[in-house]
Amino acid sequence: MEDQRCGENILSEAYWDFLIPDYRADQNLFEGEEVCIQSGDFGCRVVSVKGEGKESLSFYDYGYYAVPKCYTPLDMDALYGAGISAVQTLPALQATGEGVMIGFVDTGIDLAHPVFRGLDGRTRIAGIWDQTDREGSPPAGFFYGSSYTQEEIDRLLEAAQKNPQEAGRLPGADVAGHGTYVASLAAGSPVPEERFAGAAPEASVAMVKLKPAKAYLKDFYGIPPQVVCYQENDILLGLAYLHHLAEERGMPLVICLALGTNFGGHNGSSLLARALDQYAYTEDRAVVIGAGNEAAGRHHFYHRFQKTQETVVAEIRVGEGIQGFSAEVWVRLPDVATVSLVSPSGERTGPVSLRQGQRYEWLFSFDATRVTVEDRLLLENNDSQMIFLRFLDPAPGVWKLEILSLQRALGEVHVWLPVQEFVEGEVFFLEADPNLTITEPGSAPAAMTVAYYNGADNGVDIHSGRGYTRNGTIKPDYAAPGVKLKGAAAGGGFVTRTGSSGGAAIAAGASALLMEWLGEQPEARFRNSVLIRNTIVLGAAKRENMEYPNREWGYGTLNVYQSLDRMRQL
């Protein structure tokens with residue numbers, strides 16, 4: 001009964017979710033309240049507690065990392081350009097991903113699509129956790145959703161084949177189509193008449209269908225109610241499910257994460273980035289993350305102060321009908337800054353006073369706009385100051401964010417606006433910087449962060465996220481095809497899309513091929529994400545007259561055949 005109660009509470013909009021990292025005890029944070037606690041990997045816990053009676057959500061009350069960030073899907077012949085077809089077909093190699101699992105945390109999957117069935121007609125999906133499904137039982141250790149094994153999926157598919165009415169009740173239904181598309185590119189079975197095959201067509205597939213983010217969290221970040229996005233805590237628990245499923249089946253696991261956000265420090269410090277790094281260092285685990293589609297979005301502002309008491313103005317263009325949005329200002333200590341704001345009508349605030357964790361509300365009466373501001377001078381487990389601004393019903397026009405340097409060392413300041421999917425209309429900087437536009441958690445150091453390019457003209461896509469990270473880590477690691485890729489459509493058939501998700505999927509399939517190949521090499525010990533990344537980088541294709549690594553391409557373009565050929569030559 002306790003598990004059932006928690007399952008209902010976790011899915012309820014009335015309950016708020018918090019992340020408690022391994023380094024925080026917080027035993028008294030929810031003292032006397034009815035809580036549900038779930039454990040992820042590496043000591044991270046998710047606490048769900050009734051939101052009624054609580055004051056408005058703030059970082060001051062709960063901490064920056066305790067409030068889950070919101071993530072969006074990275075919407076978006078490739079196998080030849082990436083050197084994958086040669087690896088699949090050459091007798092000396094013939095790697096197809098057999099014996100390797102590729103796991104996705106996404107929008108779901110069309111279980112009935114033929115690209116996820118083997119030659120015997122049985123499913124190639126090793127397991128699914130549908131976090132929205134209340135018909136079955138959740139995975140061991142979790143309170144919500146329903147999980148299904150490969151055998152149960154086969155039985156459900158057989159029943160649906162006999163009774164078409166059952167087809168609409170299959171778990172993991174993918175309304176958005178994103179998860180189906182990504183999984184097919186990484187591991188879809190060949191469909192010769194469509195000239196289609198996934199990068200690792202014999203790999204096993206595992207899927208977590210995420211439950212949508214709750215209204216209170218969207219409201220906190222200024223995300224419109226109708227926008228589909230997902231909570232960091234659900235993603236973390238989904239990763240734990242994939243990890244444990246691969247352990248149960250004794251299989252290597254490649255994690256493909258085609259989700260992203262601009263919230264976070266862009267320095268590998270988020271809880272999700274830290275967890276992905278832990279998986280990346282684990283034996284028989286590899287992690288692939290899309291770099292995002294933000295380079296041309298004009299959502300990043302950068303300035304380097306030359307002296308203290310210098311002021312720079314970041315001008316934000318806000319269009320008509322914007323309900324709200326948020327922005328994050330990041331400064332690396334011992335640099336310290338403060339901010340003030342000027343509205344389109346000319347109303348001006350004073351600068352934020354740097355009292356630790358202080359929360360402010362600025363009311364612009366002429367513009368009918370409210371802005372809440374939180375300053376975190378000594379951010380937990382980070383070397384940074386972060387100032388968070390949340391705009392409610394912002395007046396259209398140009399808002400001027402004035403940033404004042406109070407103490408200067410390196411002098412760098414960054415501001416990020418939300419990813420395009422989180423605003424419905426115009427919200428952008430008039431003077432934007434296209435660099436450092438890799439979406440989080442792409443700053444995770446040990447994971448593979450993948451840019452995407454157009455295989456037709458070998459040019460990096462204008463939207464592909466650019467490096468490096470805020471602390472100088474070289475990202476992206478490499479680039480993969482991601483423009484006009486054919487993949488499976490939810491409900492049957494195929495679609496062609498462009499975007500970061502496709503590049504991440506191709507790279508995940510390629511990583512499964514390498515995981516299989518390395519497992520057969522006696523000298524390749526302790527295969528993990530770092531080993532696979534280094535193998536890819538060794539053989540990455542490079543263009544003439546271009547220095548590598550660079551912000552657009554990383555160390556070059558994915559070429560699995562060339563990487564393996566280089567390994568054999570060394």
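**Group meeting: a disulfide, an aromatic cluster and some backbone details**

With -90 degrees about the S-S bond, the link between Cys6 and Cys36 is left-handed. I begin with that link, and I should say at once that the model is a predicted one. The two sulfur atoms of Cys6 and Cys36 are 2.1 Å apart, and a disulfide joins them. Cys6 belongs to helix H1, residues 2-11, and Cys36 to strand E2, residues 35-39, so the disulfide ties together parts that lie 30 residues apart in sequence. Cys6 has a relative accessibility of 1% and is therefore buried. Cys36 is buried as well, with a relative accessibility of 1%.

How many disulfides does the rule count in total? The count comes to 1. Another pair of cysteines deserves a comment here. The closest cysteine sulfur to that of Cys70 is in Cys229, at 4.1 Å, which is too far for a bond. The cut-off in this reasoning is 2.5 Å between the sulfur atoms. Cys229, accordingly, takes part in no disulfide. Cys70 is buried, at 0% relative accessible area, and Cys229 is also buried, at 0% relative accessibility.

Let me now step back to the whole protein. The model contains 12 helices and 27 strands. Its radius of gyration is 23 Å, close to the 25 Å that the globule rule gives for 570 residues, so the protein is as compact as a globular protein of that length. The C-alpha trace spans about 70 × 65 × 40 Å along the principal axes. Of the 570 residues, 61% are buried. The protein exposes about 21,700 Å², and 48% of that area is supplied by carbon and sulfur atoms. As for charge, there are 48 positive and 72 negative charges, and their mean positions are 3 Å apart.

One helix illustrates the burial well. Which residues of helix H6 are buried? The buried residues of H6 are His178, Gly179, Thr180, Tyr181, Val182, Ala183, Ser184, Leu185, Ala186 and Ala187. That makes 10 of the 10 residues of H6, which runs from 178 to 187, so this helix is largely enclosed by the rest of the structure.

I turn next to the aromatic residues. The structure holds 22 aromatic pairs. In one of these, the ring centres of Phe59 and Phe220 are 5.2 Å apart with the planes at 90 degrees, so the pair is edge-to-face. Phe59 also pairs with Phe388: the centres are 5.1 Å apart and the planes stand at 80 degrees, so this contact too is edge-to-face. The cut-off for that label is an angle over 60 degrees between the planes. Are these three rings buried or exposed? Phe59 is buried, with a relative accessible area of 0%. Phe220 is buried at 5%, and Phe388 is buried at 1%. Phe59, Phe220 and Phe388 belong to one aromatic cluster, together with Tyr64, Tyr65, Tyr221, Phe263, Trp330 and Phe422.

Finally, I would like to draw attention to the backbone, taking the cis peptide bonds before the positive phi angles. A cis peptide bond joins Glu440 to Pro441, with omega at about 10 degrees. Pro441 sits in the loop between strand E22, residues 427-429, and strand E23, residues 448-454. The bond from Gly467 to Tyr468 is likewise cis, with omega near -5 degrees. Tyr468 is in the loop between strand E24, residues 459-460, and strand E25, residues 478-481.

Where does Phe42 lie? Phe42 is in the loop between E2 and strand E3, residues 45-50. Its phi is positive, about 60 degrees, although Phe42 is not a glycine. At 31% relative accessibility, Phe42 is partly exposed. Lys484 provides a further example of a residue other than glycine with positive phi, here near 55 degrees. Lys484 lies in the loop between E25 and strand E26, residues 485-488. With a relative accessibility of 66%, Lys484 counts as exposed.

I close with Glu34, which is found in the loop between strand E1, residues 15-20, and E2. Glu34 is partly exposed, at 46% relative accessibility. Glu34 and Asp17 are 17 residues apart in sequence, and their C-alpha atoms are 13 Å apart in space. The loop of Glu34 thus brings us back to E2, the strand that contains Cys36 of the disulfide.

Key
Residues numbered from 1 in each chain as written. Predicted model: local features only at pLDDT ≥ 70, side-chain atom pairs only at ≥ 80, totals over all residues. Heavy atoms only, no water. Helix = DSSP H or I, 4+ residues; strand = E, 2+ residues; numbered from the N terminus. Rg over C-alpha atoms; globule rule 2.2 N^0.38 Å. Buried < 20%, exposed > 50% of the residue type's maximum accessible area, 1.4 Å probe, protein only. Areas by Shrake-Rupley, 256 points an atom, 1.4 Å probe, with all protein chains shown as cover. Lys, Arg positive; Asp, Glu negative; His and termini not counted. Charge placed at Lys NZ, Arg CZ, Asp CG, Glu CD. Phe/Tyr/Trp six-rings, centres within 6.5 Å; stacked < 30°, edge-to-face > 60°.
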